[in-house]
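Hi everyone, thanks for coming. Have a look at the sequence and the structure on the screen, and then I'll talk you through a few spots.

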Amino acid sequence: MNSEKTHKTTRTETLKIKVCGMKHNPDAVAALHPEYLGFIFWDGSSRFVGSPENLLEHPGSPVADQVPELVGVFVDAAPDYILRIVDLYALDMIQLHGDESPEYCQRLKDELEQRQASNPSGNHKVKIIKAFAVGNAFDFDSLTPFLGPCDFFLFDSRGPLPGGNGTRFKWELLKDYPFEKPFLLSGGISPDSLTDLKGFMNSEAAAFCMAIDVNSGFELRPGEKNTGALRAFMHEIRKSNKPLA
Ligand SMILES: O=C(O)c1ccccc1NCC(=O)[C@H](O)[C@H](O)COP(=O)(O)O
């Protein structure tokens, strides 16, 4: 076994769960204690949480008992818009789900760090997730410029929409992932994915996978999650959720 392989089969963290596309029942989903809850701030999505004007009428967190970390999902949005939503919703993470460049990500990171530094009570670091759409092949080297500005990567399936397409990509492509940057696995995950997920979790492709992202595969309608299906799914994942030795 070469040293690269030895290194890549050591997953030391248990996998976390992100439930994305919250709109109609965020509190019920938060009560299941996923580690992350995602809210879509792109008005082309059927899961769009509302216009900034609506949000201004309801400032503060959309989740009453805010245990999970809150993730705002944006698609090629103006940085000022993102920063406004970060404040309104007390976001913990920003997920960039469009064609944002490394320079854009860096500017956003700088802005967030400046705001953190100028807030005397603020040790709250807002993290950046950059999402990438994966087709039949993927050039991981193209991600090198994103390593500095981004805290996490997210791999989703390429499709007609920027996200929420409900389709899977070939997870085995991730065995060629060359970085140590933790990533989220996303795209078309549903209750039917459990067997494949267990296989994935035990494969070297999952070495740097930090979370599983679920969305349309657990919906009663766009933005309303099926909490029964989620509870059963999360139980199964957590039961078999051991880091590799
Ligand atoms: O979910 C959406 O409507 C959406 C729209 C535009 C950009 C991103 C969006 N979702 C972001 C996510 O993180 C989803 O969980 C991810 O795309 C996977 O969705 P699905 O294939 O439905 O599981």
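I'll start with the whole chain, then go to one strand, and finish with two odd backbone angles.

Keep in mind that this is a predicted model. The protein chain has 7 helices and 10 strands. It is 245 residues long, and 38% of them count as buried. Now take the contacts between residues at least 6 apart in sequence: 68% of those join residues at least 24 apart.

Okay, on to strand β1, residues 16-19. Which way do its residues point? Lys-16 and Lys-18 go one way, Ile-17 and Val-19 go the other way, and all of them are buried. Yes, that includes the lysines.

And what does β1 pair with? On one hand there's β8, residues 209-214, which runs parallel to β1 and is joined to it by 4 bridges. Look for Ile-17 there, standing opposite Ile-212 in β8. β1 also runs parallel to β2, with 2 bridges between them. In that pairing, Val-19 has Leu-37 of β2 as its bridge partner.

Now the angles. Most residues other than glycine have a negative phi. His-33, though, has a positive one, near 60 degrees. You'll find His-33 in the loop between α2 (26-30) and β2 (36-40). Is His-33 buried or exposed? It's exposed, because just 11 other C-beta atoms lie within 10 Å, and the cut-off for exposed is 12 or fewer.

Ala-90 isn't a glycine either, and its phi is positive too, about 50 degrees. Ala-90 sits in the loop between α4 (79-89) and β4 (93-96). With 16 C-beta neighbours inside 10 Å, Ala-90 counts as partly exposed.

Conventions:
Residues numbered from 1 in each chain as written. Predicted model: local features only at pLDDT ≥ 70, side-chain atom pairs only at ≥ 80, totals over all residues. Buried ≥ 20, exposed ≤ 12 C-beta atoms within 10 Å, placed from the backbone. Contact = placed C-beta atoms within 7 Å. Pairing = 2+ DSSP bridges.
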